[in-house]
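Subject: Structure handover and notes

Dear colleague,

Here is the structure I promised to pass on. Please open it alongside this message, since the notes refer to residues by number.

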Amino acid sequence: MAGLIIHKPKTKEIHLFMPQKSFIVHGHFYQPPRVDPRTGEIPQEAGAQPYTNWTERIYHECYLPNAEKENFKRISFNFGPTLTAWLETNHPETLAEIIHQENAVFLEHGISNAMAQPYFHAIMPLIPRREKETLVHWGIEEYISRFGHPPLGMWLPETAVDLETLEVLSENNIQFTILAPWQAKDPSLDITQPYRVLLPNNKEIIVFFYNSFLSSEISFNTSSTMEADKFVSDWLIPEYKAMNRDQDQLLLAASDGELYGHHMAERDEFLEYLMDKALEDVDFNSTFPALWIKTHPNIEQAEINENTSWSCHHGIERWLDVCGDAPNATWKAPLRKFLDQLAESLDEKYFQYTQEYIMDPWKLRDAFIDALLGKVSVGKLIQRFSSKQMEEDVLENIKMMLDAQFERLRMHSSDAWFFFDFDSIEPLNGLKYAVHAVWLVRSVTGEDISIPLLNELAKASSNETGLNGDAVFRRTLAVYG
Ligand SMILES: [Zn+2]
């Protein structure tokens, strides 16, 4: 009898020390800003039938079914704050359900499976540090207001990265992010483990590099995700065998969240079955980045390639100029230059006007998220940053200057540069936000700051329709009267 008692735990012990195979699916859920800044509503969009706009259509094909199947407790995910804001207005019960699923994970494991995201989807290496700081702070505050606790991870738009961005993340207590494997400096790095990246500010951040093969098969090869069991046997297991290491191994597949049900029908069901049943059948462990860090505290060091991303194979050129992904998009460079110069000019006007009343205008901009989230009225917030009692008209003007900053941050959303032709919804929306900011500043100061910059914008035009940036800008501004 004694022998038997000794034997039983031994078998178990051996099992415990078997290297564990873990798998993470990360879904990046995001929609470009589609709201018309004048009305606060999304205009009717072509192609979205039977729904009036794309976000609504994607909601029915993806966000809702994934929430109904409780997939937000199975995968690692992030929701762009502009998308959660839309959900809150249009489908609050579904947003509550998504949060409820994350909260269940948090309760069970003491970590979250949801990552934060900078508030607007800007290419972080292309914006100045102060702008990075505001977007990261806003993203974190938005996350806390939704989930009820601070985030440990932050997803970077297009996974575009430089060390300054990682510094800002680390200074905001973000512990990890996810990057593409080619963003690691060493191309032969074993990416079945995350790595610590040391930063110039003497802090560090943990980076998970996703598995490129699995991520692109899931994203682009429809046949790989027809059946979850087959995905495990034909795609996942061979990837593990190829690694073949005598330690716990992690494979992470990262993709756009809209893939599951919108880009590919019924992949919400695939996800449900994969993460629950198919992985379990072959003794695979489904986990989350924060949970992996918690259970595997010894993390080695690695370095990253700056100014790289997951969706441009030329670094971050896609959002700057022509590159192999959009070789005829000569409109991108002048649009970028125009919006960057306009951003500088808007910042100057904001600082000049507010500094007389506000102790630190940039701290006020950071704190503006509290008003956007409805935690405080804009008026009270402004008073909090001032030692002076302000007249009503001054208060109104500062509010307008803050609204102009909101549009100025929103106009840098990366979507404007992602596609091929200038005459598309996204670049034109970018210009709408720019026009709105210019109009707000004009209402306060009487000055149209776009005039000296429009020559640059005139260089941006559509190869397909001839539509010109300068003309669109003037026409849109004229509507304001
Ligand atoms: Zn490219």
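The notes below go through a metal site, a small sheet, some aromatic contacts and one loop residue. Please keep in mind that this is a predicted model.

Zinc site

The zinc ion has these protein donors: C312 through SG, H314 through ND1, C323 through SG and D325 through OD. They lie 2.0 to 2.4 Å from the metal. Along the chain, the donors follow the spacing C-x1-H-x8-C-x1-D. The arrangement is tetrahedral because the angles subtended by the four donor atoms run from 103 to 116 degrees, and the range accepted for that label is 85 to 135 degrees. Two of the donors can be compared by their exposure to solvent probe. H314 has a relative accessibility of 37% and therefore counts as partly exposed. C323 has a relative accessible area of 8%, so it is buried; the cut-off for buried is under 20%.

The three-stranded sheet

An open sheet is built from three strands in the order β4-β6-β5, and its pairing is mixed. At the edges are β4 (176–179) and β5 (195–198), each of which pairs on one side only. On average, and with direction ignored, neighbouring strands in this sheet are turned by 40 degrees against each other.

On one side, β4 runs parallel to β6 (residues 204–209), and four bridges join the two strands. Within this pairing, I178 has F208 of β6 as its bridge partner, and T177 stands opposite V207 in β6.

On the other side, β5 and β6 are antiparallel, again with four bridges. R196 is bridged to I206 in β6, and L198 has E204 of β6 as its partner. These two strands form a hairpin with five residues between them, where N202 takes a positive phi near 70 degrees.

Burial in β5 follows the alternation of its side chains. Y195 and V197 point to one face and are buried, while R196 and L198 point to the other face and are not. As for β6, five of its six residues are buried, so the strand is largely enclosed by the rest of the structure.

Aromatic contacts

Over the whole structure, a search finds 30 aromatic pairs. One of these is Y143 with F147, a tilted pair with centres 4.6 Å apart and 50 degrees between the planes. Both residues lie in helix α5 (residues 129–147), four residues apart, which is about one turn of the helix. Y143 and F147 are both buried.

Another tilted pair is W439 with Y480, at 4.9 Å centre to centre and 35 degrees between the planes. W439 belongs to helix α16 (residues 425–445) and Y480 to the segment after α18 (469–478), so this pair ties together parts that are 41 residues apart in sequence. W439 has a relative accessible area of 24% and is partly exposed. Y480 counts as buried, with a relative accessibility of 16%.

Y143 and F147 also belong to a cluster linked by ring pairs, together with F29, Y63, F72, F77 and F79.

Charges over rings

Y480 has a further contact: the charged end of R38 sits over its ring, 5.0 Å from the centre. In a second case, R410 lies over the face of Y433, with 4.1 Å to the ring centre.

A loop residue

Where is L453 found? It is in the loop between α16 and α17 (454–457). L453 is buried, with a relative accessible area of 12%. Its C-alpha atom is separated by 7.4 Å from that of Q341, although the two residues are 112 residues apart along the chain.

To go through these points in the viewer, the zinc donors C312, H314, C323 and D325 can be selected together. The sheet can then be followed in its order, β4-β6-β5.

Regards

Definitions and conventions. Residues numbered from 1 in each chain as written. Predicted model: local features only at pLDDT ≥ 70, side-chain atom pairs only at ≥ 80, totals over all residues. Heavy atoms only, no water. Pairing = 2+ DSSP bridges. Axes fitted to C-alpha atoms, helices over the stretch in contact; angles between N-to-C directions. Donors = N, O, S within 2.8 Å, 3.2 Å for Na, K, Ca; no water. Tetrahedral: all angles 85-135°; square planar, octahedral: opposite > 155°, others 65-115°. Buried < 20%, exposed > 50% of the residue type's maximum accessible area, 1.4 Å probe, protein only. Phe/Tyr/Trp six-rings, centres within 6.5 Å; stacked < 30°, edge-to-face > 60°. Lys NZ or Arg CZ within 6 Å of the ring centre and 35° of its normal.
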